[in-house]
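Grab your favourite viewer and work through these short exercises. Try each task on your own before you read its solution.

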Amino acid sequence: EWRALFRREGGKGGKSEGGEEFGPGAVAAELEQLRSRSAQAAEREGALELRIRQAELAASAKDHRIALAEQEASAAASRAAAAEERAEMAEERARVGAAEVAGLQRLMASFTDEAAARRASSVG
């Protein structure tokens, strides 16, 4: 409303019916107020953009840590599976070794029995 009055009065200034001042000083004051509000809005926007970027970086870091933890868990599972396989192979070698020892002991016992039988037959 005051802008229309300002134009109608030829830029001299004055007061509107509502009591608002109009004129070059009032226009300059309003422009300064608008610039100040615009600067404040730009500062808030910048701060919000910074917060968004920080949140994105934090999320990215968390994603990276999660992926790293998943890789470590997968590697640990692979190592556990390999260790289990090595343990099974060692148990099998132990069973085979025990069977071989038992077979050799039986063979030695049979030789001992056979040698004892020969001595007994040669003495008798």
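**Exercise 1.** Which residue forms a salt bridge with Glu56, and how far apart are the closest N and O atoms?

Solution. Before we start, keep in mind that this is a predicted model.
- Step 1: look for the partner. Glu56 pairs with Arg53, and their closest N and O atoms sit 3.6 Å apart.
- Step 2: test the distance. The pair counts as a salt bridge because the cut-off is within 4 Å.
- Step 3: place the pair. Both Glu56 and Arg53 belong to helix H2, three residues apart, or about one turn of the helix.
- Step 4: check the exposure. Partly exposed covers what falls between under 20% and over 50%, so Glu56 at 44% relative accessibility gets that label. Arg53, with a relative accessible area of 45%, is partly exposed as well.

As background, side chains of opposite charge can pair when their charged atoms come close.

**Exercise 2.** How many salt bridges does a search of the whole structure find? Work through the ones beyond Exercise 1.

Solution.
- Step 1: take the count. The search turns up three salt bridges.
- Step 2: go to Glu92. Its salt bridge is with Arg95, with 2.6 Å between the closest N and O atoms. Glu92 and Arg95 are both in helix H2, three residues apart, which is about one turn of the helix. Glu92 comes out as partly exposed, at 39% relative accessibility.
- Step 3: go to Glu114. Here the salt-bridge partner is Arg118, and the closest N and O atoms are 2.3 Å apart. Glu114 and Arg118 are four residues apart in helix H2, so about one helical turn separates them.
- Step 4: compare the labels. Glu114 has 40% relative accessibility and is therefore partly exposed, while Arg118 reaches 52% and so counts as exposed.

**Exercise 3.** Which residues form a negative surface patch, and which form a nonpolar one?

Solution.
- Step 1: start with the charges. Glu84, Glu85, Glu88 and Glu91 make up a negative surface patch.
- Step 2: zoom in on Glu88. This residue lies in helix H2 and is partly exposed, with a relative accessible area of 44%. Glu88 is eligible for the patch because that value clears the required cut-off of over 30%.
- Step 3: switch to nonpolar side chains. Leu104, Leu107 and Phe111 form a surface patch of that kind, together showing about 300 Å² of accessible area. Phe111 is part of helix H2, which spans residues 24-123.

**Exercise 4.** Describe the whole chain, then ask where its confidence is lowest and where it is highest.

Solution.
- Step 1: list the elements. You should get two helices and two strands, in the order α-β-β-α along the sequence.
- Step 2: look at burial. Of the 124 residues in the chain, 6% are buried.
- Step 3: add up the surface. The chain has an accessible surface of about 10,300 Å², and carbon and sulfur atoms account for 56% of it.
- Step 4: read the confidence. The mean pLDDT of the chain is 85, with 78% of the residues at 70 or more. Strand S1 (residues 14-15) has the lowest mean, 53, and H2 the highest, 92.
- Step 5: draw the practical moral. Where pLDDT is low, the predicted coordinates should not be read in detail.

Terms used:
Residues are numbered from 1 along each chain as its sequence is written. This is a predicted model: local features need pLDDT of at least 70, side-chain atom pairs count only at pLDDT 80 or more; totals for chains, interfaces and linings use all residues. Side-chain values use heavy atoms; hydrogens and water are left out. Patches are made of residues with over 30% relative accessible area and no salt bridge: like charges are joined within 9 Å, nonpolar side chains (Val, Leu, Ile, Met, Phe, Trp, Tyr) within 5 Å. Accessible areas come from the Shrake-Rupley method with a 1.4 Å probe; for residues, only the protein chains shown count as cover. Buried means under 20% relative accessible area, exposed over 50%, partly exposed in between (1.4 Å probe, protein chains only). Lys and Arg count as positive and Asp and Glu as negative; His and the chain ends are not counted. The place of a charge is taken as NZ of Lys, CZ of Arg, CG of Asp or CD of Glu. pLDDT is the predictor's confidence in each residue, from 0 to 100.
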